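Notebook open, model loaded. I'll jot down what I look up as I go.

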Amino acid sequence: MKILGVETSCDETSAAVYDESAGVLSNIISSQQIHLQFGGVVPELASRAHLRKIIPIVEEALTQAETPLQQIDGFAVTYGPGLVGALLVGVNYVKALARSLEKPFVGVNHMEGHIFANLIAFPELPFPLLCLVVSGGHTLLVKLPQPLQYEVIGQTLDDAVGEAFDKVAKFMQLPYPGGPQIERIGTEGNPEFLRLPRPLLQDKSFNFSYSGLKTAVMNEIRKLSAAELEAHFADVCASFQAAAIDVLVEKTIRAARTFQLPNIAIAGGVSANKYLRLRLTRRASEYNMRVYMPPIEYCTDNAAMIARIGLERLRRKDQSTTRLNAYPSLTLNEERFRE
Ligand code: KG4
Ligand code: ZN
């Protein structure tokens with residue numbers, strides 16, 4: 001079975017071909033540059049850029065996979081969560097394509113896609129599993145008793161961790177998206193330069209909070225002179241990164257111990273962060289736990305993960321109808337909105 005996946009939930013137009021036995025045959029990602037000048041994603045511009053890009057990106061994915069459209073057995077498309085106008089481009093395109101070829105298609109949850117990026121690299125991923133899902137819009141700790149079953153045990157009460165990275169980076173006049181910039185610059189810095197809070201670290205819940213940390217960094221930056229900030233730029237990045245990641249690592253380990261889930265996976269854009277990958281692996285090894293991490297190219301938004309979860313659903317004859325619509329605030333387990 002060969003699946004064509006399409007992802008247009010935010011500012012990446014992506015298409016991928018996934019083969020049931022050979023794995024990823026292509027994964028084309030076009031990141032929209034138009035937003036750089038605004039320091040964040042402008043929804044209307046995102047939709048228009050998806051409209052311009054979707055056909056050439058799908059064609060490129062098929063060409064690279066050496067798979068003519070007629071050989072595609074089914075389609076998968078992100079229908080939420082995300083920006084409504086951006087999602088609609090992918091949803092309508094896939095609906096029309098699948099209908100014209102008389103092939104099955106399925107709408108999939110973007111966050112579920114992130115989690116399934118792990119199955120691309122680790123087909124034998126063990127269940128039950130604990131997954132830390134960290135992106136620009138989400139910070140979730142999820143128990144998966146088995147594939148496709150989700151129990152959210154904790155989430156952010158305000159900003160997502162990726163959003164905090166992006167906002168701090170913007171404040172420091174770094175380009176969007178800020179996460180990779182802060183990581184790159186922070187590698188050289190001293191993570192103990194600023195004394196920053198570890199929000200909700202002592203709290204017994206598995207929830208997170210990033211709005212206060214973001215404000216704390218900004219306040220600390222305001223106390224520095226321009227010369228001090230320049231001299232300690234890397235130290236500020238390293239200090240923020242350490243504070244943001246410490247909480248993720250400690251809460252994940254605590255949840256894994258509490259629920260006796262020694263197999264941990266990470267997913268989403270922030271899971272590309274090397275400091276998180278290293279710290280979590282080290283802490284987990286102290287408890288004989290194993291951490292599964294998708295290869296970097298499957299951490300940030302991509303259509304390979306969408307095709308992979310689509311395959312799982314289509315194998316189970318779990319298909320959508322042409323009533324499928326975009327659902328911007330879709331949460332995990334919200335099957336009822338998929339038609
Ligand atoms: O999953 P993703 O590509 O899109 C969403 O679903 O939101 O995640 C994007 C987020 C952005 O906030 C970006 O700054 C962050 O992931 N990110 C990182 C890194 N790479 C991407 N944050 C920290 N370190 C990174 N290396
Ligand atoms: Zn994402």
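**Entry: helix α5.** I started with α5 and listed its buried residues: G178, G179, Q181, I182, E183, I185 and G186. The helix runs over residues 178-186 and is mostly covered, with seven of its nine residues buried. What lies over those buried residues? I find α4 (161-171), α8 (233-258) and α9 (274-286) included in the cover. A note to self before going on: this is a predicted model, and everything below should be read that way.

**Entry: V247.** Since α8 had come up, I picked a residue there. V247 sits in helix α8. Is V247 buried or exposed? Buried, because its relative accessible area is 2%, and the cut-off for buried is under 20%. I then looked up what V247 touches, leaving aside neighbours within four places in sequence: R198, P199, L201, F208 and Y210 are in contact with it. I also checked a distance from V247 to F127, 120 residues apart along the chain, and got 24 Å between the C-alpha atoms.

**Entry: cis peptides.** F127 turned up again when I went through the omegas. The peptide bond from F127 to P128 is cis, with omega near 0°. P128 is placed in the loop between α3 and β6 (129-134). Another cis peptide bond joins G80 and P81, with omega at about -10°. Where does P81 lie? I located P81 in the loop between β4 (74-80) and α2. I flagged these bonds because most peptide bonds are trans.

**Entry: L97.** From the P81 loop I moved on into α2. L97 belongs to this helix, which covers residues 84-101. With a relative accessible area of 13%, L97 is buried. Which residues does L97 touch, not counting those up to four places away in sequence? The contacts are L4, L69 and F75. For L69 I also looked up the C-alpha separation from L97: 9.5 Å, with their positions 28 residues apart along the chain.

**Entry: zinc site.** Next I turned to the zinc ion (ligand 2). Which protein atoms are its donors? I get NE2 of H110, NE2 of H114 and OD of D301, lying 2.0 to 2.1 Å from the ion. Along the chain the donors follow the spacing H-x3-H-x186-D. H114 and D301 link distant parts of the chain, 187 residues apart: H114 is in helix α3 (residues 110-121), D301 in the loop between β10 (290-292) and α10 (304-315). I looked up accessibility for this pair as well. H114 counts as buried because its relative accessibility is 1%. D301 also counts as buried, at 14% relative accessibility. Water is not among the atoms, so the site may look incomplete; I left the geometry alone.

**Entry: positive phi.** I then went looking for residues other than glycine with positive phi. Q260 has one, near 50°. The place of Q260 is in the loop between α8 and β9 (263-267). Buried or exposed for Q260? Exposed, because its relative accessibility is 66% and the cut-off is over 50%. K317 likewise has a positive phi, near 60°. K317 lies in the segment after α10 and counts as exposed, at 69% relative accessibility. I kept both on the list because most residues other than glycine have a negative phi.

**Entry: whole chain.** Last, the global numbers. The protein has 10 helices and 10 strands. What is the radius of gyration of the protein? It is 20 Å, which agrees with the value near 20 Å for a compact globule with 339 residues. Taken along the principal axes, the C-alpha atoms fill a box of roughly 60 × 45 × 35 Å. I find that 56% of the 339 residues count as buried. Among contacts with a separation of 6 or more, 73% come from residues 24 or more positions apart. The accessible surface comes to about 14,500 Å², and carbon and sulfur atoms own 50% of it. For charges I have 34 positive and 36 negative, with their mean positions 4 Å apart.

How values were computed:
Residues are numbered from 1 along each chain as its sequence is written. Chains are lettered from A and ligands numbered from 1 in the order in which they are written. This is a predicted model: local features need pLDDT of at least 70, side-chain atom pairs count only at pLDDT 80 or more; totals for chains, interfaces and linings use all residues. Side-chain values use heavy atoms; hydrogens and water are left out. Donors are N, O and S atoms within 2.8 Å of the metal (3.2 Å for Na, K and Ca); water is not among the atoms, so sites may look incomplete. Helices (H or I, at least four residues) and strands (E, at least two) are DSSP runs, numbered from the N terminus. Buried means under 20% relative accessible area, exposed over 50%, partly exposed in between (1.4 Å probe, protein chains only). The radius of gyration is taken over C-alpha atoms; the globule rule is 2.2 Å times the number of residues to the power 0.38. Contact means heavy atoms within 4.5 Å. Accessible areas come from the Shrake-Rupley method with a 1.4 Å probe; for residues, only the protein chains shown count as cover. Lys and Arg count as positive and Asp and Glu as negative; His and the chain ends are not counted. The place of a charge is taken as NZ of Lys, CZ of Arg, CG of Asp or CD of Glu.
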